[in-house]
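Visitor: I would like to know how each label on this model is earned. Please set the values against the cut-offs.

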Amino acid sequence: MPISETEIKELTHRLFPIHRSQTGTGVRETLDVLGDFGIQLDRIEIPSGTRCFDWHIPMEWNINDAYIADMAGKRLVDYRQSNLHVVNGSVPIDQTMSFEELAPYLHTCGLPDALPYRTAFFQDTWGFCINQIQLEQLRRQKQLQVKIDASYFPGCLTYGEATLSGETHRTILIWTHICHPSLANDNVSGIATAAALYHRLHQLTRREYNYHFVFAPATIGAIAWISKNEDLLPGIFYGLVLSLLGDDSNFTFKKTRANNHFVDRCLENLKTIGHWPASIRLFEPMGYDERQFSSPGINVPTARITRNPEAGFPQYHTSADNLDFISENRILESVELVFELLMMAEDNCLPVNTSPKCEPRLGQRRLFSAFGDSESNIKFQKAVLWVLNLADGTHDALEISSRSGLPFQEILTAIHTLEMHGLIQIRKVNP
Ligand code: ZN
């Protein structure tokens with residue numbers, strides 16, 4: 001059974017409130033929820049201090065409570081109302097101070113009712129994120145009680161991974177980040193898309209590729225995973241970073257650093273011939289974890305699929321990126337897009353014409369009908385002619401689709417029909 005909207009809704013509503021960070025209990029709780037969702041995850045814990053290339057795994061951060069209160073003890077800013085109130089990764093503080101002393105540690109955003117999302121990883125500082133009304137309330141106080149009950153301690157960085165095995169030794173890596181607190185599009189939507197995609201692929205009776213899913217904190221999580229898995233990298237056909245997939249906007253496909261990899265050709269085909277509403281961006285060394293996979297010493301071809309990219313919408317990294325901003329049907333649409341993309345790798349093949357000297361007699365084989373003028377029949381006959389023409393052993397099904405302007409699935413149907421008539425031999429590609 002495919003994953004339903006109700007199941008996606010339950011998943012996103014469980015994931016959203018969790019206070020995730022680079023490390024700590026929020027990441028583990030997120031992996032617990034994914035386990036409950038039926039994903040067979042291995043949980044990896046890498047101790048603080050472990051060297052990963054030029055980085056070290058940081059100390060683990062956890063938080064119990066935080067507030068800014070007036071001198072009567074009334075909380076004017078309360079962590080229990082929103083985990084976004086505390087700058088993620090803040091060091092502890094327990095002090096009484098004036099508004100002027102507190103002001104440098106307060107953050108607001110362009111949306112007056114919303115809280116910004118701020119982090120202080122690898123920095124020895126703290127802060128609060130507030131809306132404009134709270135800022136004015138605080139300004140009226142002479143003295144304020146400021147407390148962040150958080151701790152850094154030698155612990156671990158945590159990530160989860162799961163593999164769906166296929167028949168070849170080649171792997172497609174599905175990557176999404178799990179380090180943001182209560183933000184829905186960035187990245188509860190990416191986590192939910194990857195989780196539903198896992199089930200979609202799990203239901204296939206046969207898979208050509210292995211699908212390796214990793215749910216990890218951004219940047220340091222990617223660096224840690226890569227440094228632990230360097231021996232796996234040569235077996236990765238390509239990687240896909242999934243995030244920002246639940247809002248109403250069109251898709252944005254970010255191509256690999258190679259720019260002409262198979263997955264890049266697939267993305268172009270999905271946009272131009274598959275008619276997925278999308279824009280295509282060239283690779284740039286900014287963005288999410290495609291940066292780490294695309295570094296010169298790693299060089300795993302990695303594309304990224306988002307809808308509106310990061311910083312491309314006003315709600316980005318604010319409390320307005322909430323569950324009202326995303327929808328279950330958009331997440332399921334994202335799952336279908338990525339599934340269609342992956343099936344292009346599964347189904348691609350190299351057709352070779354066994355009767356390449358002039359056109360074979362298609363009418364005699366009932367492949368060409370003088371009366372078959374329905375739209376689908378005309379399309380099918382075009383697909384047959386394109387396949388026969390380009391099946392010289394140098395054009396794969398994907399290229400025939402792109403050259404002909406006919407959908408990939410139409411080309412596959414023509415290839416398999418021609419094979420049944422002995423006019424095409426099918427060879428494997430992209431092993
Ligand atoms: Zn983000």
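Guide: The questions below go through the terms one at a time.

Guide: This is a predicted model, with residues numbered from 1 along each chain as its sequence is written. Local features need pLDDT of at least 70, side-chain atom pairs count only at pLDDT 80 or more, totals for chains, interfaces and linings use all residues, and side-chain values use heavy atoms, with hydrogens and water left out.

Visitor: What makes His180, Asp186 and His317 donors of the zinc ion?

Guide: Donors are N, O and S atoms within 2.8 Å of the metal (3.2 Å for Na, K and Ca). His180 (NE2), Asp186 (OD) and His317 (NE2) lie 2.1 Å from the zinc ion, so they qualify as its protein donors. Their spacing along the chain is H-x5-D-x130-H. Water is not among the atoms, so sites may look incomplete.

Visitor: Why is Cys156 called buried?

Guide: Buried means under 20% relative accessible area, exposed over 50%, and partly exposed in between (1.4 Å probe, protein chains only). Cys156 has 18%, so Cys156 is buried. His180 and Asp186 are buried too. Of the 431 residues of the protein chain, 57% count as buried.

Visitor: Is Cys358 buried or exposed?

Guide: Exposed, because its relative accessible area is 69%.

Visitor: What makes Leu232 partly exposed?

Guide: Its relative accessibility is 40%, so Leu232 falls between the two limits. Leu232 sits in the loop between α6 (220-228) and β13 (236-242). Helices (H or I, at least four residues) and strands (E, at least two) are DSSP runs, numbered from the N terminus.

Visitor: Why does Cys156 form no disulfide?

Guide: A disulfide is a pair of cysteine sulfur atoms within 2.5 Å. The closest cysteine sulfur to that of Cys156 is in Cys52, at 12 Å, so the gap is too far for a bond. A search of the whole structure finds zero disulfides.

Visitor: Why are α7 and α9 called oblique to each other?

Guide: Helix α7 (residues 262-272) and helix α9 (residues 328-347) pack at about 130°, with axes 10 Å apart. Axes are lines fitted to C-alpha atoms, for helices over the stretch in contact, and angles run from 0 to 180 degrees between N-to-C directions. Under 35 degrees counts as roughly parallel, over 145 as roughly antiparallel, 65 to 115 as roughly perpendicular and the rest as oblique. The angle fits none of the named ranges, so the pair is oblique.

Visitor: Which residues of α7 and α9 make the contact?

Guide: Contact means heavy atoms within 4.5 Å. Among them are Phe262, Val263 and Cys266 of α7 and Leu337, Glu340 and Leu341 of α9.
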